[in-house]
Every structure is written in C-alpha cells, then in structure tokens.
Amino acid sequence: MKSKNITLIILGIFFLLFPFIIKSEYYQHLVIIALMWVVIGSSWNLLAGYTGQVSFGHAIFFGVGAYTAGIFVTKLEISAWWGMLFGGFAAMLIALFVGWVCFRLRGPYFALATLAGSEIIRLVATNWESLTDGMVGILIIQSFRSKLPYYYIVLGLAAACIYAIHLLMKSKWGYYFVSIREDQDAAESLGINTTLYKNISLLISAFFAGSAGAFYMNYMAFIDPHVVFSLHYISIMAILVGIVGGVATIMGPAVGAFVMVGVQETFRSAFFGVAPRWISEAHALVFGLLVIFVIMFMANGIVGDWGKIKRVLLGTRPSA
Amino acid sequence: MKKLILVTVLLFSLGLLAGHGISFAEDTIKVGIVLPLTGDQAKFGEIEKLSFDMALEEINGKGGIKGKKIELVIEDDTGRPEVGRSVVEKLITKDKVVMIGGGYSSSVTYAVAGVCQQNQMPFLINTGAADKITEQKWDYIFRLNPPASKYSASVEELLAEVIKPKTVTILHENSLFGTSSAKSFEKSCEKAGYKVLLKQGYEAGGIDFKPVLTQVKQLNPDVVYMVSYVMDAALIMKQSKELKINPKMFIGGAAGFTLPEFQQNAGAASEKIISATLWHQVLPFPGAMDYYNKFKAKFNKETEYHGAEAYAAAYVIADVLNRTKSLKNEDIKKALSETDMMTAFGPVKFTNWDKMTNQNKASSYVVQWIDGKLEMVWPKNLAAKPFVFPVNWLKVWGY
Amino acid sequence: MTVFLQTLVAGVLIGGIYSLIGIGMTLIMGVMGIINLAHGQLMMVAMYITLVLFNVLHFDPYISLFVAMPCLFLLGVLIQKFLLNPLMKIESILPENQVLMTVGIGMVLTEIIRFIFSSDYKSVKTPYSSSAFFIGDISFSLPMCIAFGVALIFTGLLFWFLLKTDIGRSIRATAQDKDAATLMGVNTGRITVITFGLGSALVAAAGSLLLPIFYLFPDVGGPFTLKAFVITILGGLGSTVGAIVGGVVLGIAESLGATYIGMGYKEMVGFVIFVLVLVFLPGGLKRLTKI
C-alpha cells in the first residue's frame with residue numbers, strides 16, 4: 001500500500017511538472033492528446049470492462065460533447081469552455097436514450113446497436129445543417145496561445161476520471177457492475193436492478209466521454225461530423241486503448257492511451273525521422289498487428305498481464 | 001504494477017530527452033510540408049508530394065538558395081486534423097523549419113493554419129480551399145489556390161454566355177469542399193436567374209445513385225452540376241448514361257472530374273463532360289507544359305491541377321527564401337506578402353480582398369473531355385479546342 | 001410513377017448484391033455467435049484477386065469468381081484456425097475478444113493490400129459494365145441483374161447444402177447448440193473452420209460480382225461490413241432465406257429513403273431499420289418465416 005502511494009506521488013509530480021521539464025510544444029501536444037485518450041479509454045472501460053457492456057459507439061458521447069461545446073459558440077455565443085460541463089450532460093441525455101434502446105439487448109447485439117447508433121448520429125450531424133453546419137464543421141478561435149492551460153485542464157480531467165472510477169469501483173455500485181458483467185441473470189436473481197445499474201454505468205461513462213469531446217473542441221478549435229463521430233478513429237480506437245492497456249483495470253486505459261498514441265506517432269513520423277520513410281506508411285499495419293498480438297498473447301492487456309510480461313522479459317519461471 | 005508505471009514514466013522521459021537532444025547541422029534551409037500520404041486522401045497527397053519533390057530537385061539543381069540547399073520535410077497528416085496538428089508542432093519545434101507549405105484537406109489545413117498563426121510561422125497553403133481559412137485575419141497564413149467559392153467562376157461565365165440554362169440540379173458529396181461549393185454555386189445560379197430544381201448531398205462511396213438520378217431525369221434540367229470525387233463522379237456518369245438522362249450539359253465542379261481515373265473508369269460516359277479546373281497544361285504560363293511533360297516522363301502517370309499547385313508552391317517558397325532578409329519568421333512573412341511572380345500555375349500575388357487576407361487571385365478555367373482527352377475550352381482566348389456544344393448525349397453514349 | 005418504379009427496381013437489384021454479402025455473415029454469426037468485423041475486408045481481398053486476374057490474365061470477373069472463392073475459403077480457414085479458434089482457450093474478461101480480433105484482422109488485411117497496391121482507385125472495364133436494358137421506361141442494369149441471379153443461385157445451393165449434406169447438418173447442429181453437437185460427436189472446432197471458410201467464399205463471390213459495377217481501393221470494405229450486419233439481423237441469424245429477403249428489404253428501403261427523404265439520409269434508413277429490428281423483432285424475419 002505504501003509503495004503504491006509513493007508511485008502515485010511520483011507519477012503526480014511528474015505529470016504536474018512535465019510541461020516545465022519538456023518545453024517542446026510538440027511533445028506537450030502528444031501528451032495532451034494521450035491524456036484525452038486516457039479519459040475516453042477509461043470511460044469506455046467503465047462500461048465495457050467493468051460492467052461488461054461492450055460499446056462500439058463511444059463516438060456518440062464524444063461527438064455529442066464536442067458538438068455541445070461547438071454549438072455553444074456558434075448558436076448561443078458563449079464560451080466553448082461551458083461545454084466541458086454541459087457537453088458531459090448532453091452526452092448523458094443521449095446516453096439515456098441509447099440505454100433505453102440498447103440495454104434491451106445483450107452481448108454482441110448490444111455492441112452492434114451502439115455501432116449503428118454512432119453511424120445514425122453521424123449522419124444526423126452531417127445532414128442537420130441548421131444546427132451543426134453539416135460538413136462545413138464548427139470552427140472557433142482558441143482561448144489560449146500557450147499549451148499550459150490545455151495541458152492542466154486535460155490532466156485534471158484525466159485524474160478526475162480515473163479517481164472517480166477508482167472510487168466507484170470500490171463502492172457498492174462497483175460490485176453491482178462487476179456482478180452484471182459476470183452473470184447478468186444471477187445478478188438479477190440476487191435482487192440487483194441490472195437495468196438501473198447498467199444505465200448508471202453508461203451515464204457516468206458518457207459524461208466523461210462527452211467532457212473529453214468538449215475538450216477536443218476547445219483544444220482543436222475545429223470539428224466536423226466525420227472527425228468526432230468517426231467509427232474507426234474514435235469508437236474503435238477507444239476499444240483498442242482499453243484492450244491494449246487492460247480491460248477492467250484502473251490504470252489499464254491510461255497505459256493503453258500512452259502506448260497507442262506513442263506507437264501511432266512513432267511510426268507516423270518514421271521513428272522521429274530516423275527510420276526510412278516507408279515505415280511511416282506502416283503505422284496502421286502496426287496498429288492491427290499490435291491488436292492481434294495483444295489479444296492472442298496478453299488477453300488482459302499490458303496492465304492485466306503485467307505479471308506475465310515481467311516473467312517473459314526477465315526470463316523467470318512463474319512462482320507457485 | 002507500480003514498477004510498470006515507473007518504468008513507463010522513465011522510458012517516456014528518456015525518449016523525450018533523447019528526441020530533444022538531436023540537432024542537425026545548419027547547411028540546409030528546412031521547409032515543412034504537410035500532406036495526406038496515407039488514408040483516403042492519399043491519392044492526391046501523392047501527386048502533390050511527387051510535384052514538390054520534382055520542383056525541389058530542379059531548384060536545388062540550379063544551386064539552391066544563396067548557396068544553401070532547400071530541404072523539404074514532408075510529413076503525413078493522414079487526413080485527420082489532430083494528426084495534422086501533431087505534424088506541424090513537430091515541424092516547428094523539432095525540425096525547426098523556417099516556413100510551412102502543403103495543406104490538402106480543408107479541415108486539416110484549418111487546424112494547421114491555427115497552429116502556424118499562433119506560433120507566427122509563415123504557412124503557404126496550396127490546396128485547402130474552404131473560404132473561411134483566409135477569412136480569419138491571420139497574417140501569417142497565405143493561400144495560393146482560390147477559395148472554394150471561386151472554383152466555379154469560369155463555369156458561371158460559360159453558362160451565361162453559351163449554355164444559357166433555365167433550370168439546374170445540383171448533386172454534391174457531403175464534405176467541406178462539396179457542401180460549400182454547392183452552396184456558393186446555388187447562390188450564383190439564383191443571382192443569374194437559373195432555377196435550382198434540386199440540390200442533394202450524398203455520402204461519398206455509394207454504389208447506387210439511381211434513386212437520385214431518376215429524380216433528376218424526371219425534372220429534366222438544362223444543367224446537371226456535380227461536386228464529386230473521382231470514383232463517385234465516374235459512377236454518377238455511368239448511371240446517368242444507363243438512365244439516359246439528357247440535359248444540355250453535365251458539369252463537374254473541379255475535384256474528381258479532371259482526374260485521369262475518372263475517364264478510365266467512366267469510359268464513354270466521361271465523353272464531352274465539362275468541369276471547372278484551376279489549371280491545365282496548355283495554359284500560357286511559363287513551365288506549365290514542361291511541368292506536365294516532365295511529370296509524365298518521370299513518374300509514368302498523369303498530373304493535374306493539384307500537382308501544379310504543389311509545383312508552383314515550391315517555386316514560390318524558393319522565391320520567398322531568395323528575397324527574404326533573414327530566415328526569421330517575420331522577414332519571411334514580409335517576403336511572402338511582397339510576392340509578385342509568375343509560376344507554372346499562373347501569376348501569384350497575395351492581397352486582401354472580399355473578407356480574405358493574403359489570398360492569391362487565381363483564375364479558374366473550364367475543361368472538356370474530348371475524344372478521351374482533357375482539353376481546355378474556356379475562357380475562349382486560352383482555349384485549345386472549341387467547346388463542343390450542344391451535345392447529343394444519346395449519340396455520344398452509343399445508343 | 002416512373003420515379004417510384006425505377007427506385008424500386010434499383011433497390012431490388014442492389015439488394016441482390018447486399019444479400020450475397022449478408023449470407024456469408026449470417027452463416028458465421030449463426031454458427032459461432034461472433035460478429036465478424038473483417039467481413040467487408042475479406043470481400044476487398046477477393047476484389048483485388050479478381051482485379052489481378054483481370055489485369056494479368058484478362059479473366060472476366062465472372063470467371064475469376066471461381067478462383068476468388070477457393071482463395072477466400074482458404075484465407076477464411078486459416079484465419080479461423082490460427083487466429084480465432086485459439087482464442088476460445090484463452091481466459092479473458094470480455095467474451096467479445098473474438099470480435100476485437102476481427103477488427104485487428106481487418107486492419108491488417110487493409111494495410112497489407114495498401115502496401116501492395118497503394119491507395120489508388122482501381123476498376124475493371126468490361127463491355128457489360130454499364131450496359132442496361134429497358135422495360136418500358138425502367139432501366140435494368142445488366143451486371144446487377146446477373147449479380148441478383150447469382151445471389152439467388154448461391155442461396156439455393158447453400159440451402160440445399162445445409163439441409164442435405166452431412167457437413168451442412170453438422171453446421172446447423174453446431175448453430176443450434178454447440179455443446180449438444182459436441183456430445184453427439186460433431187467436431188465443432190472443424191465445423192467452425194469450415195463455416196468461416198464458407199462465409200468468406202460467399203463474400204468473395206459478392207466481391208467478384210461487385211467489381212464490374214463498382215471500383216476498388218483498400219478501404220472499400222468497411223461500409224459493406226456494416227451492411228452485412230444490418231442484413232443478418234434483419235433476416236435472422238443463420239437464415240439463408242432471411243439473408244436474401246433482408247438484403248432486398250435493405251436495398252429497397254435505402255432506395256426509397258434516397259428518393260423520398262434525401263440522398264444524404266440513405267445510409268441512415270438502413271441503420272434505423274437495424275435498430276428497430278433489434279429492439280422490436282429480435283430474431284429478425286426468421287421469426288416470421290420460420291426458415
């Protein structure tokens with residue numbers, strides 16, 4: 001317990017001081033994006049990893065959050081930062097509806113329904129031009145020139161998200177979530193209102209994903225339906241972050257987010273310009289291979305299988 | 001678990017420090033180029049990259065800039081704004097480029113332009129066309145290509161002077177470029193007094209356009225105007241042929257209709273179609289034809305206006321670096337704003353007009369597919385072949 | 001009236017191709033209960049095989065169909081045997097691991113193809129590519145009619161295969177109750193491998209038939225994967241007749257949506273039907289038709 005606290009303190013200090021150690025805005029940007037993925041991945045993990053409801057449509061909540069922030073600027077003419085709060089709430093509203101429809105279904109059917117939901121909302125956002133400006137997108141002016149405010153805001157959001165899930169999973173609700181994942185019928189027969197707790201899990205998950213979306217709007221200053229409702233780059237990426245890091249672990253999605261952003265940028269930039277150019281064209285291939293590798297050999301992700309990884313790396317035998 | 005975190009943090013910081021420490025000798029002038037080299041826009045990014053490379057070879061072959069060679073750091077934005085942003089941050093802080101060029105899709109270009117303006121890094125855009133990019137009063141952002149709303153200017157001239165339509169239908173893909181071009185074309189139609197019978201957006205990549213084309217056939221417009229990328233364009237024309245749609249003219253709003261792949265895929269259905277374009281090799285600009293021939297000989301494929309934009313941008317960059325007092329950002333910006341030169345793409349001069357700042361006033365032209373070749377037909381004084389009109393479509397299609 | 005009829009015809013014909021894509025998926029989902037998110041990518045691979053045969057050996061795409069199908073059968077067998085079946089023995093928290101694996105497989109297939117063929121758009125030009133015949137004012141696209149016919153033939157063959165052959169019976173037994181089938185002496189591991197191969201071969205047929213009408217680039221598969229789900233859920237898991245009906249219903253719904261709601265909403269119509277069926281008619285049309 002003690003050494004865990006020390007690790008957390010070191011980690012905290014490292015992240016608090018990071019922008020002063022590394023002044024390069026390029027690395028700061030990468031870490032900001034990675035922290036944003038920590039939030040999205042963790043929120044997915046709460047619903048999928050802990051509650052067992054594998055969502056293929058987290059872009060719904062991310063996108064709704066982003067659009068809430070954007071529409072605040074274009075239609076209400078108030079700061080997009082309000083979106084950080086209300087984007088989360090808007091995502092929760094949508095989540096209520098998504099839950100109402102999709103929680104009638106289980107397993108793969110739930111996954112498919114969320115996937116269809118994200119495609120539907122993307123097409124609505126594309127075609128409802130009077131509200132969203134369609135594919136013209138929403139463009140705002142960034143509030144800060146420096147990266148520091150963005151960094152600390154997203155760091156705070158990520159820390160809050162991880163801590164909230166940590167607390168949640170230690171509470172009674174957390175046990176309900178896991179019992180639903182393990183055996184929904186058994187949970188039901190024990191008197192747990194599974195629909196209620198699945199919805200609670202979904203709502204909290206949607207709130208954080210929506211906040212991350214609102215942050216994206218503020219930070220990137222440009223969104224369009226194909227970017228924020230992307231099946232491939234948001235919904236599937238959220239899943240990959242979760243499984244690579246480790247589902248149903250508190251720190252898994254956080255590790256996964258840094259690994260995925262790191263791998264993508266390393267390959268995209270051809271090992272920061274050291275390796276031959278063609279490597280950069282392989283970044284998507286490496287992504288795919290990484291997924292296959294993780295599922296085959298580290299089914300519980302980097303964090304979940306850390307003991308196993310350590311054994312392989314250090315060449316020691318498992319102690320009985 | 002704790003060790004894992006510690007190790008990750010350590011490795012991460014080591015990696016950052018190592019990456020930070022590398023520096024390069026200053027014997028070249030580095031210019032960053034942002035283009036989509038993977039993803040679904042890679043096709044156009046590739047043409048532009050080859051054109052940049054070709055121009056660079058020529059410029060450096062002639063001795064470069066004041067004895068120094070230019071080095072283009074071409075980076076892949078994968079067509080996504082947040083990646084584009086990573087790229088430009090890297091170019092500015094790690095590669096220490098003196099200016100940035102490229103910019104293909106409008107959304108990525110916008111994200112990149114925002115970062116450039118904030119860092120006071122001169123950015124010469126050569127393709128990203130959404131009007132609003134140069135409407136932000138950003139003084140470090142310059143654009144070589146015209147804004148999307150001006151792409152159809154010469155088509156509108158041709159409509160008014162030759163085709164004289166009464167009714168128009170507009171089909172466009174749902175993308176920033178497609179939607180905004182269609183909107184501005186609709187506006188100019190209303191101004192000219194043509195009735196817009198139908199305006200429909202569609203998701204790129206569909207198989208079957210027949211439902212909407214059947215409606216078009218029923219409405220029987222004088223002009224069918226389409227803003228589509230290359231393969232959608234080919235499918236729409238093939239299916240129009242199948243349905244025997246018979247307007248006075250089919251018109252493409254740049255983008256896909258000028259690419260060789262359009263003709264290869266649509267075959268007979270591409271014949272006599274006209275399209276707006278920003279460039280054609282027969283234009284009387286010095287180097288236009290040379291560029292076209294050289295590209296074809298070197299890479300064994302055709303080039304078109306996107307490539308010409310990139311090729312010209314490289315020459316503008318060289319010209320600017322030659323004239324600038326120093327490699328400081330504000331000096332380069334000043335040199336950019338004083339640009340007044342001729343390129344293979346046409347004259348380049350950045351001025352403020354309408355709501356836009358630092359926007360080059362490039363012209364647009366009309367091309368027509370005649371006997372399987374893309375020929376320039378408008379404006380009249382520059383035309384290589386006479387505009388074929390009226391067209392008996394059923395006969396062209398061999399019915 | 002012409003608009004309505006033409007819309008209907010276009011919808012039915014495109015529905016034929018959709019069904020062929022859907023049949024493979026319904027087979028895989030019915031037997032193994034997993035969603036194959038690489039389905040469209042498998043079709044993409046088949047299309048590239050057809051393209052190469054056309055360019056190098058000048059094979060007509062309809063002939064290449066008989067090459068692409070065995071190739072994809074083999075690919076499907078390999079994927080199931082070495083990538084998906086081993087997962088059943090791995091303990092993991094989420095039962096959806098196989099689904100996520102197919103995501104990875106899809107990405108790898110797409111990128112390998114991109115490495116070989118680049119992102120360029122490719123197409124084949126056959127004399128019949130854009131030929132059509134007319135009945136009254138209504139145009140019927142020739143290659144689409146052929147595709148529709150072939151889809152019907154394959155459905156019939158598959159129906160017969162599942163009903164009358166030993167392997168077919170084993171497949172149906174595995175789909176109904178895997179444990180019971182194992183107890184009855186069915187080698188379910190082998191059956192899943194064969195099923196995945198068959199599903200892949202069927203989508204390969206769809207790819208070869210689609211190539212003359214459509215075009216090809218490495219990312220072409222994704223949207224078709226989504227269509228295949230819709231059809232599978234609409235028709236009912238494992239139901240071949242359901243897949244045909246589901247495909248045609250989807251085609252008609254999309255076409256009508258495109259004509260009467262708006263082209264931009266075309267894809268949405270399919271997804272809305274999909275969610276409605278999932279919620280209000282779980283089991284799909286199979287529940288109504290019982291086959």
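Here are some notes on this predicted model, taken chain by chain and contact by contact.

1. Chain A, overall make-up. Chain A is mostly a matter of helices on paper: the count comes to 17 helices and two strands. Its radius of gyration is 20 Å, close to the 20 Å that the globule rule gives for 320 residues, so chain A is as compact as a globular protein of that length. If you want outer dimensions, the C-alpha atoms fit in a box of roughly 65 × 60 × 40 Å along the principal axes.

2. Chain A, packing. Of the 320 residues in chain A, 57% come out as buried. As for how the chain folds back on itself, take the contacts with a separation of 6 or more: 74% of them join residues 24 or more positions apart.

3. Where chain A meets chain C. This contact draws on 35 residues from chain A and 37 residues from chain C. On the chain A side, four helices each supply at least two residues: α2 (25–50), α5 (107–127), α12 (231–245) and α15 (283–297). Which of them gives the most to that side? That would be α5(A), with 13 residues. By class, the side of chain A that touches chain C has 26 nonpolar residues, seven polar and two charged.

4. The hairpin in chain C. Have a look at β1 (residues 132–135) and β2 (residues 138–141) of chain C, which pair in the antiparallel sense over four bridges. Within that pairing, F133(C) has F140(C) in β2(C) as its bridge partner. The two strands, β1(C) and β2(C), make a hairpin with two residues between them. One to check in the turn is G136(C), where phi is positive at about 65°.

5. Chain B and its domains. Chain B is split into two domains, and each is written as two segments: domain 1 covers 28–146 + 285–360, while domain 2 covers 152–277 + 364–396. When you trace the chain, then, keep in mind that residues 285–360 go with domain 1 and residues 364–396 with domain 2. The C-alpha centres of these two domains of chain B are 29 Å apart.

6. The contact between the domains of chain B. Here nine residues of domain 1 of chain B are in contact with eight residues of domain 2 of chain B. The domain 1 side of this contact has four nonpolar, two polar and three charged residues.

Methods:
Residues numbered from 1 in each chain as written. Chains lettered and ligands numbered in written order. Predicted model: local features only at pLDDT ≥ 70, side-chain atom pairs only at ≥ 80, totals over all residues. Contact = placed C-beta atoms within 7 Å. Nonpolar A, V, L, I, M, F, W, Y, C, P; charged D, E, K, R; others polar. Pairing = 2+ DSSP bridges. Rg over C-alpha atoms; globule rule 2.2 N^0.38 Å. Buried ≥ 20, exposed ≤ 12 C-beta atoms within 10 Å, placed from the backbone. Domains from an automatic or database assignment.
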